[in-house]
Amino acid sequence: MKFQREATPSLNAFTGYGAGYVMVNNRRIERSVIVLPDRIISDWAATTFEALGPGHLAALAELGCEVVLLGTGGQLRFPPPEIIRPIVQSRVGFEVMDVPAACRTYNILLSEGRKVAAALLLG
């Protein structure tokens, strides 16, 4: 699916997504990634849902965002409580959804000027 871009050109926005990839500012990304308005973290150590651990989510809490969206692939899957505990305890807004929903929600929050991060598991 492709999006029409309405966000500020200097900010990172999702311009498309499909099975196993997302596009940020028309750049295709095929591995797990964290997208913030002002930067992209392409070396996120969480490569798959099964590899997700508490440390991965604790690192997300330290990004200085109001809201963190966790995209769990093509399907919505909730991590066990012990894995999400660090980010929940940090009092950062946290939502779990599939990757397409995370991309759409990120773009909406970005257009509202919110400090948002999308952490997407594409593997």
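The following dialogue examines how certain terms are applied to this predicted model.

Reader: What makes the contact between Arg28 and Glu30 a salt bridge?

Author: The closest N and O atoms of Arg28 and Glu30 are 2.5 Å apart. A salt bridge requires a side-chain nitrogen of Lys or Arg within 4 Å of a carboxyl oxygen of Asp or Glu. The distance of 2.5 Å satisfies that limit, and therefore the pair is called a salt bridge.

Reader: Why is Glu30 called exposed, and why is Arg28 called partly exposed?

Author: Glu30 has a relative accessible area of 53%, and exposed means over 50%, so Glu30 is exposed. Arg28 stands at 46% relative accessibility. The term buried is kept for values under 20%, and partly exposed covers what lies between the two limits; Arg28 therefore counts as partly exposed.

Reader: How many salt bridges does the structure hold?

Author: The structure holds four salt bridges. Among them is the one between the side chains of Arg114 and Glu66, at 2.9 Å from N to O.

Reader: What makes the pair of Arg114 and Glu66 a tie between parts of the chain?

Author: Arg114 lies in the loop between helix H3 (99-111) and strand S8 (116-120), while Glu66 lies in the loop between helix H1 (54-61) and strand S6 (67-71). These parts are 48 residues apart in sequence, so the pair ties them together. Arg114 has a relative accessibility of 30% and Glu66 a relative accessible area of 37%; since partly exposed lies between 20% and 50%, the term applies to Arg114 and to Glu66.

Reader: How do you know that Arg114 and Glu112 also form a salt bridge, and what joins Glu66, Glu112 and Arg114 into one network?

Author: The N to O distance between the side chains of Arg114 and Glu112 is 3.9 Å, and the limit is 4 Å, so this pair also qualifies as a salt bridge. Salt bridges that share partners join Glu66, Glu112 and Arg114 into one network.

Reader: How do you know that the protein chain is as compact as a globular protein of its length?

Author: The protein chain has three helices and eight strands, in the order β-β-β-β-β-α-β-α-β-α-β along the sequence. Its radius of gyration is 13 Å, and the globule rule gives 14 Å for 123 residues. The two values are close, so the protein chain is as compact as a globular protein of that length. Of its 123 residues, 46% count as buried.

Reader: What makes the phi of Asn25 worth a remark?

Author: Most residues other than glycine have a negative phi. Asn25 has a phi near 50 degrees, which is positive in a residue other than glycine. Asn26 likewise has a positive phi, near 70 degrees. Asn25 is found in the loop between strand S2 (21-24) and strand S3 (27-29), and Asn26 is found in the loop between S2 and S3.

Reader: Why is Asn26 called exposed, and why is Asn25 called partly exposed?

Author: Asn26 is at 58% relative accessibility; exposed means over 50%, and Asn26 therefore counts as exposed. Asn25 has a relative accessible area of 27%, between the limits of 20% and 50%, so Asn25 is partly exposed.

Reader: Which residues are in contact with Arg77, leaving aside its neighbours within four places in sequence?

Author: Arg77 is in contact with Phe49, Glu50, Thr72 and Val96. Contact means heavy atoms within 4.5 Å. Arg77 lies in the loop between S6 and helix H2 (81-89).

Terms used: Residues are numbered from 1 along each chain as its sequence is written. This is a predicted model: local features need pLDDT of at least 70, side-chain atom pairs count only at pLDDT 80 or more; totals for chains, interfaces and linings use all residues. Side-chain values use heavy atoms; hydrogens and water are left out. Buried means under 20% relative accessible area, exposed over 50%, partly exposed in between (1.4 Å probe, protein chains only). Helices (H or I, at least four residues) and strands (E, at least two) are DSSP runs, numbered from the N terminus. The radius of gyration is taken over C-alpha atoms; the globule rule is 2.2 Å times the number of residues to the power 0.38.
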